[in-house]
Amino acid sequence: MASQISKSLLKVSHVSSTAKFDTARRALSVGAALQQKKKSLLDRTGKNVVLVDGVRTPFLVSFTDYAKMMPHELARHSLLGLLQKTGISKDLIDYIVYGTVIQEVKTSNIGREAALAAGFSDKTPAHTVTMACISSNRAITTGVGMIAAGAYDIIVAGGVEFMSDVPIRHSRKMRSLLLRLNRAKTLAQRLSLIASIRPDFFAPELPAVAEFSSGETMGHSAVRLAAAFGASRQEQDDYALRSHKLAHEAQQKGYFTDLMPVKVDGKDGVVDKDNGIRVSTPEQLAKLKPAFIKPHGTVTAANASFLTDGASACLVMSEAKAKELGLKPKAYLRDFTYVAQDPVDQLLLGPAYGIPKILDKAGLKMSDVDTWEIHEAFAGQILANLKAMDSDWFAQTYLGRQTKVGAPDLDKWNKWGGSLSIGHPFAATGVRLAMHTAHRLVREDGQFGVISACAAGGQGVAMILERHPDATCN
Ligand SMILES: CC(=O)SCCNC(=O)CCNC(=O)[C@H](O)C(C)(C)COP(=O)(O)OP(=O)(O)OC[C@H]1O[C@@H](n2cnc3c(N)ncnc32)[C@H](O)[C@@H]1OP(=O)(O)O
């Protein structure tokens, strides 16, 4: 199994640079229309909900060019970028659903603050969702639900994450003291409280990218998961290298058409590229020390997703509404499901549960899927999910199936890189997955794309997008 994956990875990085993309480009250049090879999927909503288009800011390694901004400002850029790209008037937007994971305390409903900052009417409601790394998937599917319920017609969904500035709290002892100090009625009470301060009160509480119920960091969990499924350090490094190579190639070819440049105050020019894509050599990767469990852990800074700043936004409505407005949708949002499992030993296995569930629900086979866009939290997590899906034991023990789900075709898997290379601003990633799916379906002349991601809390999402006949990859 291990060597099969490694061979496939090598094959993918070779194939991606040659015949397939050239064929896709030729097809595009002659304006080839969608040739549906398979039956269209059933519309479950009665509204034929479509993803009209979506954008994102460039994803930047934290503490780089966005470092002095606030998260709602970054989110504002994505909202304005979406209006600019689609040409839709902001007055037509009925509702905004926006994701974030690590909340800036001053802007707890960041969707609302970002909308106001972007000049949306104060009559446009907005709420913020949080579901860890799948928060913007949750925002999109909340929008689908609102449209299906007939509550609204036109929804903006998206997400932002800003790891360059996260809330750091005083210790519990200090917080308690400060709150009591605030309520003290006399000078004597105040002085007595101040006199009770001890040095350990000053130790701050730093946020960790960790699971609340177990206290374990995501990275630590990924090391254990990779070990449980026998994903070696070499395999993880190979996968990470593949991700960076494919992202670099896609970036060079100008495929990231969902990017909207950001002008950062006080800086010359604009930020117009993701800055975490870094193709290294296998030797450089092999030299890196374990990042989480020392000295034997297999997860390093290079085979883990890095802390990222970024925001995204997309436009969702019924197909009829898009037609009425003269908009050309990119994809149908055909189906979705959420899964949840043991947050300790199966924290990052969302795709292994979500993918078979959504395919069964939609009546599709693995071979019907033309593009896979799967969130890469860690290379070891991706390999563990692939191995779980290709295991009869996993299928029988955990999925209640007689036989394994099977291994997806890696020639169709994350062909423009993924979160390991492009970056992973937690709540913004879902829209990036959706837009890469929609655009790849056009470039690769496919019909169905599957998105899946794991999330803290042991949860996960899987979605099916179907290419829209009017779709372009711009
Ligand atoms: C559901 C979910 O999505 S869960 C996932 C949630 N995400 C996470 O948990 C984020 C995980 N990532 C992290 O916490 C951090 O990125 C870490 C801890 C892995 C690494 O952080 P840092 O140590 O600050 O990384 P840093 O960028 O300094 O890299 C460390 C070293 O690796 C090197 N390095 C990093 N990437 C690469 C690469 N692709 N190729 C070669 N070298 C690399 C750096 O150059 C650096 O080398 P140096 O020490 O000689 O300067």
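Me: What share of the 474 residues of the protein counts as buried?

Reply: In this predicted model, 53% of the 474 residues count as buried, a residue being buried if 20 or more other C-beta atoms, placed from the backbone, lie within 10 Å of its own, exposed if 12 or fewer do, and partly exposed in between. Local features need pLDDT of at least 70 and side-chain atom pairs count only at pLDDT 80 or more, while totals for chains, interfaces and linings use all residues. Residues are numbered from 1 along each chain as its sequence is written.

Me: Why is the protein called as compact as a globular protein of its length?

Reply: The radius of gyration, taken over C-alpha atoms, is set against the globule rule, which is 2.2 Å times the number of residues to the power 0.38. For 474 residues the rule gives 23 Å and the protein has 23 Å, so the protein is as compact as a globular protein of that length.

Me: How many helices and strands does the secondary structure come to?

Reply: There are 16 helices and 10 strands, where helices (H or I, at least four residues) and strands (E, at least two) are DSSP runs numbered from the N terminus.

Me: What makes strand β6 largely enclosed by the rest of the structure?

Reply: In β6 (residues 308-318), 11 of the 11 residues meet the criterion for buried, so the strand is largely enclosed by the rest of the structure.

Me: How do you know that β1 and β6 pair, and in which sense?

Reply: Two strands pair if DSSP finds at least two bridges between them, and β1 (residues 49-56) is joined to β6 by seven bridges in the antiparallel sense, with Arg56 opposite Ser312 in β6. Strand β2 (residues 60-61) pairs with β6 over two bridges, also antiparallel, and here Val61 stands opposite Thr308. Nine bridges link β5 (residues 154-162) to β6, again antiparallel, with Ile154 facing Met317 of β6.

Me: Which residues come nearest to the ligand, and of what class is the shell around it?

Reply: A residue is near a molecule or strand if its C-beta atom, placed from the backbone, lies within 6 Å of it, and of the 23 residues around the ligand, Met218, Ser280, Ala301, Ala302 and Ala377 come nearest. The shell has 16 nonpolar, six polar and one charged residues, with Ala, Val, Leu, Ile, Met, Phe, Trp, Tyr, Cys and Pro counted as nonpolar, Asp, Glu, Lys and Arg as charged, and the others, Gly among them, as polar. Helices α8 (218-228) and α10 (282-287) and strand β9 (448-455) each supply at least two residues of this shell.
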